[in-house]
Amino acid sequence: IDVAVTILVFSFALVFMVNIVSLVALSQNMKTAADQIAEYAALNGTTDIEPYINLQREKVGADFTCSFEGSQTFDGTGKVQLGDRIECTLTYQLNFLGFGNAIHITTITSAASGISEVYWK
């Protein structure tokens, strides 16, 4: 009986550790995507970069939401004036499988920022 209980506990611990490692890897991938999106937006001077965001979603393999709250847009068109800050926040909610039927909703958030490098007239 001791061996059976030990194997059961070891199996639960192994499943839990694999889930944690996958969450950490996804978090790192989302941080990299946030950095790349913020850099791309800064180089183009705009927050209207939906095709590039979709490309990053495909690379990461997660359907995250991207928001540019805190960015000062120029004339409400998504353009950010030279020297203004662009703040990119990625958010992704996923179900973290627990033991048995227990499912925990986990939110992963990554943020990055940059400075616009385009002058808009």
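**Figure 1. Charged side chains of the chain.** In this predicted model, the chain carries 6 positive and 12 negative side chains. If you picture the centre of each set, the two centres lie 8 Å apart. Turning to the surface as a whole, the chain exposes about 7800 Å², and 58% of that area is supplied by carbon and sulfur atoms.

**Figure 2. The chain from end to end.** Let us follow the chain from its N terminus: the elements run α-α-β-β-β-β-β, which gives two helices and five strands. Helix α1 covers residues 2-44 and helix α2 covers residues 50-60. The C-alpha trace spans about 75 × 20 × 20 Å along its principal axes. For 121 residues, a compact globule would have a radius of gyration near 14 Å, whereas this chain has 20 Å.

**Figure 3. Inside the chain.** How much of the chain is buried? Buried residues account for 31% of the 121 residues. Contacts tell another part of the story: take those between residues at least 6 apart in sequence, and 60% of them join residues at least 24 apart.

**Figure 4. Tyr 40 and Tyr 52, an aromatic pair.** Searching the whole structure turns up one aromatic pair. Its partners are Tyr 40 and Tyr 52, whose ring centres are 4.0 Å apart and whose planes meet at 10°. Why does the pair count as stacked? The angle of 10° between the planes is under the 30 degrees that serves as the cut-off for stacking.

**Figure 5. Where the two tyrosines sit.** Tyr 40 belongs to helix α1 and Tyr 52 to helix α2, so their pairing ties together parts that are 12 residues apart in sequence. Are the two residues buried or exposed? Tyr 40 is partly exposed, with a relative accessibility of 33%. Tyr 52, at a relative accessible area of 18%, is buried, because the cut-off for buried is under 20%.

**Figure 6. Gln 56 and its surroundings.** Here we stay with helix α2, which also holds Gln 56. The relative accessible area of Gln 56 is 2%, so this residue is buried. Which residues does Gln 56 touch, leaving aside those up to four places away in sequence? They are Ala 33, Gln 36, Ile 37 and Phe 64.

Methods: Residues numbered from 1 in each chain as written. Predicted model: local features only at pLDDT ≥ 70, side-chain atom pairs only at ≥ 80, totals over all residues. Heavy atoms only, no water. Helix = DSSP H or I, 4+ residues; strand = E, 2+ residues; numbered from the N terminus. Rg over C-alpha atoms; globule rule 2.2 N^0.38 Å. Buried < 20%, exposed > 50% of the residue type's maximum accessible area, 1.4 Å probe, protein only. Contact = heavy atoms within 4.5 Å. Areas by Shrake-Rupley, 256 points an atom, 1.4 Å probe, with all protein chains shown as cover. Lys, Arg positive; Asp, Glu negative; His and termini not counted. Charge placed at Lys NZ, Arg CZ, Asp CG, Glu CD. Phe/Tyr/Trp six-rings, centres within 6.5 Å; stacked < 30°, edge-to-face > 60°.
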